[in-house]
Amino acid sequence: MKKHIAPVFVMLMLAACSGEPDYYTGVPRPQPPVVTPPQKDTLIKLPSEWTKATTLMSGFPEGVEVYRRTTAFNGKAMNAYCVVFDPAVAEFKPVVADKNKKSSAYYAEETGTKYACINAGFFGTNVSYSLVKYNGAISAVNIRSLNRPYNGASTPYYPTRAAFGLTASGAPQVSWVYHVGTTVYSYPSPSPNELNKAPEAVPSATFPSGGAAWNVTSAIGGSPVLIYNNSIRITDKEELIDIDNTSSRARSAIGYTATGKVIVLAVEGGNTAGGIGLNLAEVADLMKSMGCTGAINLDGGGSTYMMVNGQQTVKPSDAAGERAVMSAIIIKKK
């Protein structure tokens, strides 16, 4: 009898492994479940014209990616870069200087592990006109008033202007804001200012309607809003911002996707051998095509400059090279 034990044992083992009927009962043996390794989520899916710039991503963690586009957009030659990051992985740090300083200097002087730096808000000589807030501390506010001609006289207006911010949990937001006393208020619609019409009232806790204290930890101001609530809504007229809106020029912008990923964009301009630039409406269209559900315009033209992993990306449009600015956005390790 012993000589039959081995063959029977082998047959039972084969049946158990194959799922074939049991040798004695004819009932199929259960098979162990097939375990599929978990798949990592894709950080972002951009249109095919965007190519991952892996040479600029050395040492970057998952959650921070760089892309480049050199194919034309709306028939215009393009050289553009974008940095995409997950706020859970990378730090969003708006900074402002005491005097005008190049974006490359902001990058060089920042301590810790840095991924990218781009110029940010609007400015004058040694003064910022745009909101800068980091970790709850406000170091600059969006411009409170500006003068425009009305009835033949220079008249003050009080615009609510664009800002991008992150809450304490890392949720991105775009809004129109105004500094009321010591509090930044955000509004679901801009104050309806318009050139050649009487200025609207100074924004307050009750005007424009629906305003509330803006509950973000870090923020950067710009102008105008480009995308709001997943719709293109360019409010340059209400924000009283004239930045060669219909001209093809270098552009900078920041926005976010439906999944909460942040996109920082630099579009080269003024370079016939590279990128000639875009107008404001085209920047909004481009950001929308990239999946942005909210976005604002940052200072562009000669101010547009972005460093990634210690390297320059777009070529500055000023003949003199990189322009000194008053604020910048740094993306770095948390």
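Modeller: A definition to start: two strands count as paired when DSSP finds at least two bridges between them. This model is predicted.

Colleague: How confident is the predictor, on average, in this protein?

Modeller: Of the residues, 88% score at least 70. Some stretches fall well outside that group: pLDDT stays under 50 over residues 1-20, and also over residues 34-40. For the protein, the average pLDDT is 91.

Colleague: How many contacts beyond four places in sequence does the model have for residues 34-40?

Modeller: Take residues 1-20 beforehand: the model has 18 such contacts for them. For residues 34-40, where pLDDT stays under 50, the number is 1.

Colleague: In β11, which residue is the bridge partner of P149?

Modeller: Strand β10 covers residues 146-150 and strand β11 covers residues 153-157. They pair in the antiparallel sense over 5 bridges. Their hairpin has 2 residues between the strands, and N151 takes a positive phi near 55° there. Across the pairing, the partner of P149 is S154.

Colleague: Which are the edge strands of the open sheet of 8 strands?

Modeller: The order runs β1-β2-β3-β20-β19-β21-β17-β18, with antiparallel pairing. An edge strand pairs on one side only. Those strands are β1 (51-52) and β18 (231-232).

Colleague: Which residue in β20 is the bridge partner of A253?

Modeller: β19 pairs with strand β20, residues 262-267, in the antiparallel sense. That pairing has 6 bridges. In β20, A253 is matched with L265.

Colleague: Is G255 buried or exposed?

Modeller: G255 is found in strand β19, residues 251-257. The residues it touches, beyond four places in sequence, include F164, V262, M287 and C292. Its relative accessibility is 0%, and the cut-off is under 20%, so G255 counts as buried.

Colleague: What distance separates the C-alpha atoms of G255 and V84?

Modeller: Along the chain, G255 and V84 are 171 residues apart. In space, their C-alpha atoms are separated by 9.7 Å.

Colleague: Why is the ring pair of F92 and F164 edge-to-face?

Modeller: The count comes to 5 aromatic pairs. In the pair of F92 and F164, the ring centres are 5.4 Å apart. Planes over 60 degrees apart count as edge-to-face. The pair qualifies because its planes stand at 80°.

Colleague: Which parts does that pair tie together?

Modeller: Both F92 and F164 are buried. Ring pairs link them with Y256 into a cluster. The two Phe residues are 72 residues apart in sequence, so the pair ties together strand β4 (residues 90-102) and strand β12 (residues 161-166).

Colleague: Which residues have the most contacts inside the largest nonpolar core?

Modeller: This core has 37 residues. I329 shows how its contacts spread: beyond four places in sequence, they include F92, A116, I220, I254 and L298. A second, separate core has 28 residues, among them L43, I44, Y67 and C82. In the largest core, the residues with the most contacts are F92, F164, I220, I254 and I329.

Colleague: Which residues of helix α4 are buried?

Modeller: Helix α4 spans residues 280-289. At its start, a side-chain oxygen of N279 reaches to within 3.2 Å of the backbone nitrogen of A281. Just after the helix, G291 takes a positive phi of about 100°. The buried residues of α4 are L280, E282, V283, A284, L286 and M287.

Terms used: Residues numbered from 1 in each chain as written. Heavy atoms only, no water. Helix = DSSP H or I, 4+ residues; strand = E, 2+ residues; numbered from the N terminus. Buried < 20%, exposed > 50% of the residue type's maximum accessible area, 1.4 Å probe, protein only. Contact = heavy atoms within 4.5 Å. Core = buried A, V, L, I, M, F, W, Y, C linked by side-chain atoms within 4.5 Å. Polar contact = N/O pair within 3.5 Å; in protein donor to acceptor, adjacent residues only side chain to side chain. pLDDT = per-residue confidence, 0-100. Phe/Tyr/Trp six-rings, centres within 6.5 Å; stacked < 30°, edge-to-face > 60°.
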